[in-house]
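Visitor: Please take one part of this molecule and look at it closely, then follow its connections outward to the rest. I would like a connected account that I can check against the coordinates myself.

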Amino acid sequence: MKKYKLAASILILVIIAAIGAVAIPNPLGAQILAEVKYRGYLAYTTDEAVTLAYTRCTTCHPADKMLKYCSRCGPPFVVVTHSMKKYTELMNQKGGNFKPFSDAEAVAITQAWNGLVGNWEPDWGSKDLNKLLQGDQALIRLANTPVNERPIEWALKTKQAPGAMKEDRKIIP
Ligand code: HEC
């Protein structure tokens with residue numbers, strides 16, 4: 001019974017969001033739609049992912065941290081996102097007030113930085129990556145998805161963020 005209720009309310013939320021997005025472009029509709037996407041019921045578009053990456057990742061440090069990040073600097077963005085997600089949770093446990101990164105956001109944001117700054121996952125074995133991702137299922141799934149099956153990252157493959165020196169690996173499996 002409870003399960004059914006949850007599924008029904010999710011369905012209603014999605015329907016309201018879809019109607020809201022198409023028919024009534026008002027702030028409430030946008031807010032509901034944002035929540036539906038935050039929870040991963042609807043996918044972020046590429047533009048939304050880029051906006052998220054620039055807004056959500058710049059609450060503690062400027063975008064330069066991402067733009068200047070490189071393969072010599074450390075592990076690929078999928079690991080960075082995982083660490084930042086963990087760090088944000090830690091800060092909140094210590095009394096901080098950051099909106100936690102959802103799985104859907106982490107997956108979208110990782111693809112955005114991969115597409116705009118670079119992806120050097122191939123330099124790291126997938127075993128190493130899985131270990132560094134410490135059981136973060138959403139990001140492990142992303143790391144094990146071929147790049148041409150990651151819609152946001154694939155859409156950005158010829159793009160580059162201003163201020164970044166994009167590192168282009170032969171990332172097509
Ligand atoms: C709650 C605060 C916070 C948020 C939110 C945050 N970061 Fe960070 N980030 C830090 C801190 C603290 C450091 C390490 C200290 C420093 O270098 O300023 C850091 C460092 C980094 C570095 C440099 C790491 C290195 O090894 O040089 C990168 C890249 C980075 N963050 C990317 C991101 C990305 C991508 C996001 C969004 C998913 C993000 N950050 C969100 C706090 C945050």
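Guide: A helix here is a DSSP run of H or I covering at least four residues, and the helices are numbered from the N terminus. The model is predicted, and every value that follows should be read with that in mind.

The part I would choose is helix 3, which spans residues 46-56 and has Ala49, Val50, Leu52 and Ala53 as its buried residues. When one looks down the axis of helix 3, these buried residues fall within an arc of 160°, so they line one face of the helix. The face turned away from that buried side carries Asp47 and Thr55, which are exposed. As for what the buried side meets, the buried residues of helix 3 pack against helix 6 and also against helix 9, the latter made of residues 151-155.

The packing of helix 3 on helix 6 can be described further. In general, two packed helices are described by the angle between their axes and the distance between those axes. For helix 3 and helix 6 the angle is about 95° and the axes are 8 Å apart. Angles of 65 to 115 degrees count as roughly perpendicular, and helix 3 and helix 6 are therefore roughly perpendicular to each other. On the side of helix 3, the contact is made by Ala49, Val50, Leu52, Ala53 and Arg56, while helix 6 contributes Glu105, Ala108, Ile109, Gln111, Ala112 and Trp113. Sorted by class, this contact has eight nonpolar residues, one polar residue and two charged residues.

Helix 6, residues 103-116, leads on to the ligand, since helix 4 (64-67), helix 5 (77-93) and helix 6 each supply at least two residues of the shell around the ligand. Helix 5 gives the largest share of that shell, namely six residues. There are 19 residues around the ligand, of which Cys57, Cys60, Tyr69, Gly74 and Met84 come nearest. By class, the shell divides into 12 nonpolar residues, five polar ones and two charged ones.

Between helix 4 and helix 5, both of which supply the shell, there is a loop that holds Ser71. Ser71 has 15 C-beta neighbours inside 10 Å and so counts as partly exposed. Leaving aside neighbours within four places in sequence, Ser71 is in contact with Trp120, Asp123 and Glu167. The C-alpha atoms of Ser71 and Glu121 are 9.1 Å apart in space, although the two residues are 50 residues apart in sequence.

Returning to helix 9, the other partner of the buried side of helix 3, one finds Lys159 in the segment after helix 9. With 12 other C-beta atoms within 10 Å, Lys159 is exposed. Beyond its neighbours within four places in sequence, Lys159 is in contact with Gly115 and Leu116. From Lys159 to Leu52, a separation of 107 residues in sequence, the C-alpha to C-alpha distance is 17 Å. On the other side of helix 9, the loop that joins helix 8 (137-143) to helix 9 contains Asn148, which counts as exposed because it has 12 C-beta neighbours inside 10 Å. The C-alpha atoms of Asn148 and Pro76 are separated by 17 Å, with their positions 72 residues apart along the chain.

One backbone detail remains, in the loop between helix 7 (126-132) and helix 8, where Gln134 is found. Its phi is near 45°, a positive value in a residue other than glycine. Gln134 is exposed, having 12 other C-beta atoms within 10 Å.

Conventions: Residues numbered from 1 in each chain as written. Predicted model: local features only at pLDDT ≥ 70, side-chain atom pairs only at ≥ 80, totals over all residues. Near = placed C-beta within 6 Å. Nonpolar A, V, L, I, M, F, W, Y, C, P; charged D, E, K, R; others polar. Buried ≥ 20, exposed ≤ 12 C-beta atoms within 10 Å, placed from the backbone. Arc of directions from axis to C-beta. Contact = placed C-beta atoms within 7 Å. Axes fitted to C-alpha atoms, helices over the stretch in contact; angles between N-to-C directions. Parallel < 35°, antiparallel > 145°, perpendicular 65-115°, else oblique.
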